[in-house]
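Here is a friendly walk through the model on your screen. Have the sequence and the 3D view open as you read.

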Protein chains: 2
Amino acid sequence: MSDRDCDVCEQLCEHPLNICRAKADMLSDEHTQQLAELFKILGDPTRIKILRALSTQELCVCDIVAVVQMGQSAVSHQLRILRGARLVKYRKEGKMVWYSIDDDHIEILLSQGIEHIQHR
Amino acid sequence: MSDRDCDVCEQLCEHPLNICRAKADMLSDEHTQQLAELFKILGDPTRIKILRALSTQELCVCDIVAVVQMGQSAVSHQLRILRGARLVKYRKEGKMVWYSIDDDHIEILLSQGIEHIQHR
DNA sequence: TAAACGCATGAGCAATTATTCATATATTGG
DNA sequence: CCAATATATGAATAATTGCTCATGCGTTTA
C-alpha cells in the first residue's frame with residue numbers, strides 16, 4: 001500500500017505508513033492500562049523488597065517488617081496493594097498472617113529486570 | 001543453624017531464621033532503587049504506548065505523537081525520560097529526530113508483562 | 001534573512017502516592 | 001473478661017508525577 005493509502009490515520013502527518021503500522025500493533029487501552037498498573041506496582045523499592053523477600057519463603061507480616069526495615073503500618077499498606085494486584089496471597093494462622101507470592105510471572109519479571117540493570 | 005544463631009538480625013522478632021534467609025538474599029539498596037526506577041518508567045500508559053510503537057520500527061517524534069494521540073510536548077517529555085533511562089536512542093535528521101528502542105531487555109519485560117495480564 | 005517547522009524544555013498545576021500517626025479489629029493468654 | 005499481641009486501615013501530609021501552556025532552539029525553505 002502507498003503512503004497515503006491508509007484509512008486508519010486521517011491526520012496530516014509525516015509518515016502515514018509508519019503510523020498505520022504502529023497503530024495496527026497497538027494494545028487496547030485497557031490492556032495498556034493494566035500493563036502500566038502492573039509495572040507501577042513493581043516500581044516501588046519497598047514493594048520490590050517485599051516481593052524479593054517472599055520469593056524464597058512464606059513470611060509473616062512482622063518478619064517482613066524486620067526484613068524491609070519499615071514501619072508495620074507502611075508494610076501493611078503495601079501488602080494491601082500487592083494483594084489487590086494478586087501478586088501475593090495470604091493465610092491466617094492465629095494472630096499472624098503469612099504472606100507468599102501468588103504469581104510466577106512476577107519472579108520472572110523481577111529477575112529480568114535485575115538482569116537489565118546489571119547489564120549496563 | 002539454630003533460630004537464634006544468627007548475627008544478621010539482632011532485633012527481637014518472631015522468626016529469626018526466616019528473617020536471616022530473607023536478608024541474605026536481599027538486593028543492595030542501590031540495585032533495589034534502580035530496579036524500582038526501571039519499573040516505574042514502564043509503569044505509565046503513555047510510555048508503554050511509545051515503547052510498543054517503537055518496538056517494530058524507528059519513528060520520528062511527530063509520528064509518535066500521532067500514534068499515542070497525545071500532545072507533542074507531553075510526548076517530548078516522556079521521550080526525555082525514556083532517553084534518560086537509556087531505553088530509547090535517537091538520531092537527528094534535519095529538523096526531525098528519529099527514535100528507536102535502545103534495549104532488548106525492555107521488549108522481553110513488556111511481553112512478559114503482557115503475558116501476565118492475559119493469564120488472569 | 002525572515003518565516004515556518006520539528007522538537008525540547010521550564011513553569012505551573014492537578015492528581016497520585018508512600019509514609020506516618022492514630023486507631024480499629026481480631027486473636028490469644030492469664 | 002482484660003490485657004497484650006498481630007495486623008489492618010483511615011486521615012493527614014509531603015513528595016512525586018504527568019500534563020498543558022508558553023517559549024526556546026536549531027534547521028530548512030521561501
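Helix axes are lines fitted to C-alpha atoms over the stretch in contact, and angles run from 0 to 180 degrees between N-to-C directions. Helices (H or I, at least four residues) and strands (E, at least two) are DSSP runs, numbered from the N terminus. This is a predicted model: local features need pLDDT of at least 70, side-chain atom pairs count only at pLDDT 80 or more, and totals for chains, interfaces and linings use all residues. Residues are numbered from 1 along each chain as its sequence is written, while chains are lettered from A and ligands numbered from 1 in the order in which they are written.

**Helices that pack**

Two packed helices are described by the angle between their axes and the distance between the axes. Let us begin inside chain A. There, α3(A) and α5(A) pack at about 75°, and their axes are 10 Å apart. The two helices α3(A) and α5(A) are therefore roughly perpendicular to each other; that label covers 65 to 115 degrees, whereas angles under 35 count as roughly parallel, over 145 as roughly antiparallel and the rest as oblique. From α3(A), the residues Thr46(A), Arg47(A) and Ile50(A) meet Ala74(A), Gln78(A), Leu79(A), Ile81(A) and Leu82(A) of α5(A). Here, residues are in contact if their C-beta atoms, placed from the backbone, lie within 7 Å. By class, this contact of α3(A) with α5(A) has five nonpolar, two polar and one charged residues. In that scheme Ala, Val, Leu, Ile, Met, Phe, Trp, Tyr, Cys and Pro are nonpolar, Asp, Glu, Lys and Arg are charged, and the others, Gly among them, are polar.

**The sheets**

Strands of a sheet pair through backbone hydrogen bonds, either parallel or antiparallel. In chain A, three strands form an open sheet in the order β1-β3-β2, with antiparallel pairing. Its edge strands are β1 (59-60) and β2 (88-93) of chain A, each of which pairs on one side only. Two strands count as paired if DSSP finds at least two bridges between them. Six bridges join β2(A) to β3 (residues 96-101) of chain A, and within this pairing Glu93(A) has Met96(A) as its bridge partner. Helix α3 (residues 45-54) of chain A packs on the sheet, touching β1, β2 and β3 of chain A, and its direction makes about 90° with that of β3(A).

In chain B, strand β1 (residues 59-60) pairs with β3(B) in the antiparallel sense over two bridges, and Leu59(B) stands opposite Tyr99(B). Strand β2 (residues 88-93) of chain B is also antiparallel to β3(B), with six bridges; Lys89(B) has Ser100(B) as its bridge partner. A hairpin links β2(B) and β3(B) with two residues between them, and Gly94(B) in the turn has a positive phi of about 65°.

**How the two chains meet**

A rotation of 180° with 0.0 Å of shift along its axis superposes chain A on chain B, with an RMSD of 0.1 Å. That is the relation of a two-fold axis. The superposition is by least squares on the C-alpha atoms of residues with pLDDT of at least 70 in both copies. The contact takes 49 residues from each of chain A and chain B. On the side of chain A that touches chain B, α2(A) gives the largest share, ten residues. The residues of that side divide into 23 nonpolar, 14 polar and twelve charged. The copies meet through the same surface, because 100% of the interface residues of chain A are also interface residues in chain B.

One helix pair spans the two chains: the axes of α2(A) and α6 (residues 104-118) of chain B come within 10 Å and cross at roughly 110°. The helices α2(A) and α6(B) are therefore roughly perpendicular to each other. His31(A), Gln34(A), Leu35(A), Leu38(A) and Phe39(A) of α2(A) make the contact with Gly113(B), Ile114(B), His116(B) and Ile117(B) of α6(B).

**Around the DNA**

A residue is near a strand if its C-beta atom, placed from the backbone, lies within 6 Å of it.

| DNA strand | Closest residues | Number of residues around the strand |
|---|---|---|
| DNA strand C | Gly94(A), Val61(B), Cys62(B), Ser73(B), Ser76(B) | 24 residues |
| DNA strand D | Cys62(A), Ser73(A), Ser76(A), Ser73(B), Gly94(B) | 24 residues |

Which helix gives the most to the surface near DNA strand C? It is α5(B), with six residues. For DNA strand D, α5(A) gives the most, with six residues.

Terms used:
Two residues are in contact if their C-beta atoms, placed from the backbone, lie within 7 Å.
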